[in-house]
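Please walk through this structure with the sequence at hand. The tour goes from one buried position to the core, then to the hairpin, the disulfides and some unusual backbone angles.

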Amino acid sequence: MRLCNAYFAVLAALALASCGGSSSSSSVASTTPAASTTAATTTTATTTTTTTTTTTAAPAGPPRCTAASLALRYLGQQGATGHGEIGFALKNIGATSCRAYGYPGVLFLNQAGGPLPTVSTRTTHDFFGTAPATVLIVAPGANVSFRLGVTHGISSPAGCTTAYGLQVIPPDDTAPLRTTIPMGAYECGTATVSPLQPGVSAFV
């Protein structure tokens, strides 16, 4: 009987030792995935930040041309069949290149420098041909140009007069520039305006 009790006591001790080992092994397994999850999350966050920084970077270009760095001059005029063409140039008098795009604002002036009624229409295709709108990089000393198309006599829907000057506001600016029109230009209150063109090519 004593041998049986000892036998059962040994069996009970072995069973308890076996249960304790199983519990310890299970605890290690649950910790390892948690550590892996944390590492994966950190890596993903770092990658996202790097991608965002790269896509927002952009190279800088030259600043836009403004009245402060431009000089306006009259190129000339010509006409046929009731239509007149008047050309003007804007010269970069600054020390660095600038960017020009679009249409200047225009206002005809009388002999005393006062404003004349001026209704302008912006167009890439006028009586004298096509002038596409394009971004221009204007080096120091270089020119861009534009032309005005005016109507004469019976082709005009309004009263006509002689303009002796022109006021111009460069694209994307608010400051005006002025130049004279030697001998004057016959105009009838309306004008088409071309976008800026390279050099003096707008005046054909």
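Start at T179, which sits in strand 11 (residues 177-187). The model is predicted, so treat every value here as computed from that prediction. Is T179 buried or exposed? The relative accessibility of T179 is 13%. The cut-off for buried is under 20%, so T179 counts as buried. Which residues does T179 touch, once neighbours within four places in sequence are left aside? The contacts are L72, R73, Y74, F88, G165 and L166.

Two of those partners, F88 and L166, lead to the nonpolar core. The largest such core has 28 residues. Six of its members touch the most other members: I86, F88, F108, F146, L148 and L166. Strand 9 (residues 143-151) gives the most to this core, contributing four residues. There is a general background to this. In soluble globular proteins, nonpolar side chains tend to be buried together.

Take L148 as a sample of the packing. Residues up to four places away in sequence are not counted here. L148 touches I86, F88, F108 and L166, which are also on the list of best-connected core members. Its other contacts are G84, E85, V106, T192 and V193.

Now turn to the hairpin. Strand 1 (residues 70-80) and strand 2 (residues 83-92) run antiparallel. How many bridges join them? There are 10. One bridge pairs L70 with N92 of strand 2. Two residues lie between the strands of this hairpin. T81 is in the turn, and its phi is positive, at about 45°. L72, R73 and Y74, which T179 contacts, fall within the residue range of strand 1.

Next come the disulfides. The count is two. Counted along the chain, the bonded cysteines follow the pattern 1-2, 3-4.

The disulfide of C65 and C98 has its sulfur atoms 2.0 Å apart. C65 lies in the loop between helix 1 (2-56) and strand 1, while C98 lies in strand 3 (residues 98-100), so the bond ties together parts that are 33 residues apart in sequence. The torsion about the S-S bond of C65 and C98 is about 90°, so this disulfide is right-handed. C65 is buried, at 6% relative accessible area. C98 is buried too, at 4%.

The other disulfide joins C160 to C188, also with an S to S distance of 2.0 Å. Which parts does it tie together? C160 is in the loop between strand 9 and strand 10 (161-169), and C188 is in the loop between strand 11 and strand 12 (190-193), so the linked parts are 28 residues apart in sequence. The S-S torsion of C160 and C188 is about 100°, so this disulfide is right-handed. C160 is partly exposed, with a relative accessible area of 30%. C188 is buried, at 0% relative accessibility.

Finish with two backbone angles. D172 has a positive phi, near 60°, and is not a glycine. D172 is in the loop between strand 10 and strand 11. With a relative accessible area of 61%, D172 is exposed. M183 also has a positive phi, about 70°, without being a glycine. M183, however, lies in strand 11. At 80% relative accessibility, M183 counts as exposed. That strand also holds T179, the buried residue where the tour began.

Key
Residues numbered from 1 in each chain as written. Heavy atoms only, no water. Pairing = 2+ DSSP bridges. Core = buried A, V, L, I, M, F, W, Y, C linked by side-chain atoms within 4.5 Å. Buried < 20%, exposed > 50% of the residue type's maximum accessible area, 1.4 Å probe, protein only. Contact = heavy atoms within 4.5 Å. Disulfide = S-S within 2.5 Å.
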